[in-house]
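Me: I'm new to this one and would like a close look at a single part, with the surroundings filled in afterwards. Here is what I'm looking at.

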Amino acid sequence: MADPSTLAAAVAADTAIEAHAHAGPRGARPRLAFSRRNVFLYGTLIVVALYYLLPLYIMVVTSLKGMPEIRMGNIFAPPVEITFEPWVKAWATACTGLNCDGLSRGFWNSVRITVPSVVLSIAIASVNGYALSNWRFRGSETFFTILIFGAFIPYQVMLYPVVIILREIGLYGTLWGLIVVHTIFGMPILTLLFRNYFASIPEELFKAARVDGAGFWGIYFKIMLPMALPIFVVAIILQVTGIWNDFLFGVVYTRPDTYPMTVQLNNIVNSVQGVKEYNVNMAATILTGLVPLAIYFISGKLFVRGIAAGAVKG
Amino acid sequence: MSSIVVKDLTLTYGSVNVLNKLNIDVAEGEFIVLLGPSGCGKSTLLNCIAGLLDITDGQIFIKDKNVTWEEPKDRGIGMVFQSYALYPQMSVRGNLSFGLKNAGLPKPEIETRIARAAKILQIEPLLDRKPAALSGGQRQRVAIARALVRDVDVFLFDEPLSNLDAKLRSELRVEIKRLHQNLENTMVYVTHDQIEALTLADRIAVMRGGIIQQLADPKTIYNKPANLFVAGFIGSPAMTMLKGRIEPGGDVPVFRSGDAAVPLAGYDGHAPAPGREVILGVRPEHVTVRPAGVGAHAARVDLDEPMGSDSLVWLTFAGQPLSARAAADHGWRHGDAVGLDFDVSKASIFDQASEQRL
């Protein structure tokens, strides 16, 4: 049974709460839609978005116009008569040098360059990163430092030496030569990416796998690889975008019939004979940029997640 | 027969000596707990036994086989980690079978072993779940089962209960003890929790700075700590340390601190020679608080910490703090004068210079 005095105290407390019940604000604090904070925040976002979207808008609009309409000069105006002819021309019939089969040749060249480069560089870099974070060996830190140092040397310095190396091993001017170059130059940043990601995976997991009798490759394929999907997505995005957009290596290490899409685009846009076909140029540019854009839109969410996951521990 | 023998084990990282000429001998079926504060080298020792760390010098024998250069999988050990270390992309069944598949065991054999381990640890309904869908306690059960399916003689536990909340910890502690009773395997268990050590161990190795301070059964560790460090580390609430010196008395030497004198009649150890600077260590339960004027000594009440079942009373005795266990309803308050009695037969005397028990 409750003691009468404590019971009285409880009743007194109840009335004290009662007295406060109706006074003043209650529940969630109201938020103004047009508070100063919101105006600044959304205002800035809208302005920045417009700044970046306007050029894209002009490109799309121009590429859908015929030349007479473009000559009128209203670059912001939407097309009066929508035509897809510039797109077809850019893809299939635009001339660069002697070839008149449009960007399609460059597109397939770029695919043939990008796919093996991405697969090869990521395969090697992920094993590198795994070995450097989990199987420390004598000098592994030194090796890693040297590798990272490579990321800070400007590519231009190495252009000519690489030309000589490729010539000596007989790969100069071939697609495989360019693939080797992309694989090597992607190595520092990708290794760093994978090493840091694997370092964030608890060491005990690795130890448990060793007790369970898995070896170097067993742990890599069965334990680490399945856990590293986000960072693989990040690496794929980085590499596809980087290699697809590369111009310098493409123009130096290939020949006209193996030019990647970017080099071919440059040749179309910068050709000086005849009329400047702005609509074809715009269409060609959008076509070239479509692949990285598509990659980003498909995997943007994974990209952010992977970057964040890798960034936690380094 | 010895199950594990570690001989002159030395491990150095650069210039840091983590383990220095460490020797330990674990008997067949024994439950050994490596206990110590963080950084004392207990986990390092366990990792060395497991073969997960390359040692600098020394030898390790498991079941009389020299395994110093063997891979972890060939040492006949199973290991349980603090963070469970379950493979997140595999189901519980996958986790249990991973090691067995690596060892190339036939499928029916794998099935029987998993079934047996799952039954022992009561995780049968969880076999097809992923680790992410399990609670902490269930995960640690699976981790123990993963060590169990390997059908090994030696189990190594690396702070297996540290990530669990207090209630689960005490539940699983009992379960591990029961597991040991049923399996009778050799177990080496690393922890910084003295309750775990005292409840589970056949023998405890208290470590500090890569050196085993004392290796003995829990009773000896608790009642006759080899030195000041062990005495202070074991026991909660901690042992009280009173500084003083030994003086000649009537029949027995007397411990004197300020104006208080404690005759050392019945001390379980070498009663030291008079004139020595010593520390008298008394556990709270060996101090009895009495009404003023009744006990052999006088003290003043400082603070009272009620703990439910009993109460810890902090006293000032001869100018030094002293804690005593008292009944929960003792009724003394701050500032009260009280009397005291010591149970000298359960106390420990340490040399001030060497910190060793006398």
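At what angle do helix 5 of chain A and helix 11 of chain A pack, and how far apart are their axes?

Reply: Before the numbers, keep in mind that this is a predicted model. Two packed helices are described by the angle between their axes and the distance between the axes. For your pair, helix 5 of chain A and helix 11 (residues 229-245) of chain A, the angle is about 145° and the axes are 9 Å apart. The crossing of helix 5 of chain A and helix 11 of chain A is right-handed.

Who does the touching? From helix 5 of chain A come Ser110(A), Ile113(A), Thr114(A), Ser117(A), Val118(A), Ser121(A) and Ile122(A). Helix 11 of chain A answers with Phe232(A), Ala235(A), Ile236(A), Gln239(A), Val240(A), Ile243(A) and Trp244(A). Sort the residues of that contact by type and you get 9 nonpolar, 5 polar and no charged.

How confident is the predictor here? Among the elements of chain A, helix 5 (residues 104-134) of chain A has the highest mean pLDDT, 94, while helix 1 (residues 4-20) of chain A has the lowest, 61. Chain A as a whole averages a pLDDT of 86, and 89% of its residues score at least 70. One stretch to treat with care is residues 310-314 of chain A, where the pLDDT is below 50. Beyond near neighbours in sequence, that stretch has 11 contacts in the model.

Now step out to where the two chains meet. Chain A puts 14 residues into the contact and chain B puts in 16. On the chain B side, strand 6 and helix 2 (92-102) of chain B each supply at least two residues, and helix 2 of chain B gives the most, with 3 residues. The side of chain B that touches chain A divides into 11 nonpolar, 4 polar and 1 charged.

Strand 6 of chain B leads us on to a sheet. This is an open sheet of 6 strands in chain B, in the order 6-7-8-3-9-10, with mixed pairing. Its edge strands, strand 6 (77-80) and strand 10 (211-216) of chain B, each pair on one side only. From one strand to the next, the twist averages 15°. For one pairing in detail, take strand 7 of chain B and strand 8 (residues 186-191) of chain B: they run in the parallel sense over 5 bridges. In that pair, Val154(B) stands opposite Thr186(B) of strand 8 of chain B.

Follow the chain out of strand 7 (154-158) of chain B and you reach Glu159(B), in the loop that leads to helix 5 (166-183) of chain B. Its phi is near 45°, a positive value in a residue other than glycine. Most residues other than glycine have a negative phi, and most peptide bonds are trans. Glu159(B) counts as buried because 21 other C-beta atoms lie within 10 Å.

Lys63(B) also has a positive phi, near 55°, and sits in the loop between strand 4 (57-62) and strand 5 (65-66) of chain B. With 17 C-beta neighbours inside 10 Å, Lys63(B) counts as partly exposed.

One last backbone detail: the peptide bond joining Ser236(B) and Pro237(B) is cis, with omega about -5°. You'll find Pro237(B) in the loop between helix 8 (228-233) and strand 11 (240-247) of chain B.

Methods
Residues numbered from 1 in each chain as written. Chains lettered and ligands numbered in written order. Predicted model: local features only at pLDDT ≥ 70, side-chain atom pairs only at ≥ 80, totals over all residues. Helix = DSSP H or I, 4+ residues; strand = E, 2+ residues; numbered from the N terminus. Buried ≥ 20, exposed ≤ 12 C-beta atoms within 10 Å, placed from the backbone. pLDDT = per-residue confidence, 0-100. Contact = placed C-beta atoms within 7 Å. Pairing = 2+ DSSP bridges. Axes fitted to C-alpha atoms, helices over the stretch in contact; angles between N-to-C directions. Left-handed = near helix turned anticlockwise from the far one by under 90°. Nonpolar A, V, L, I, M, F, W, Y, C, P; charged D, E, K, R; others polar.
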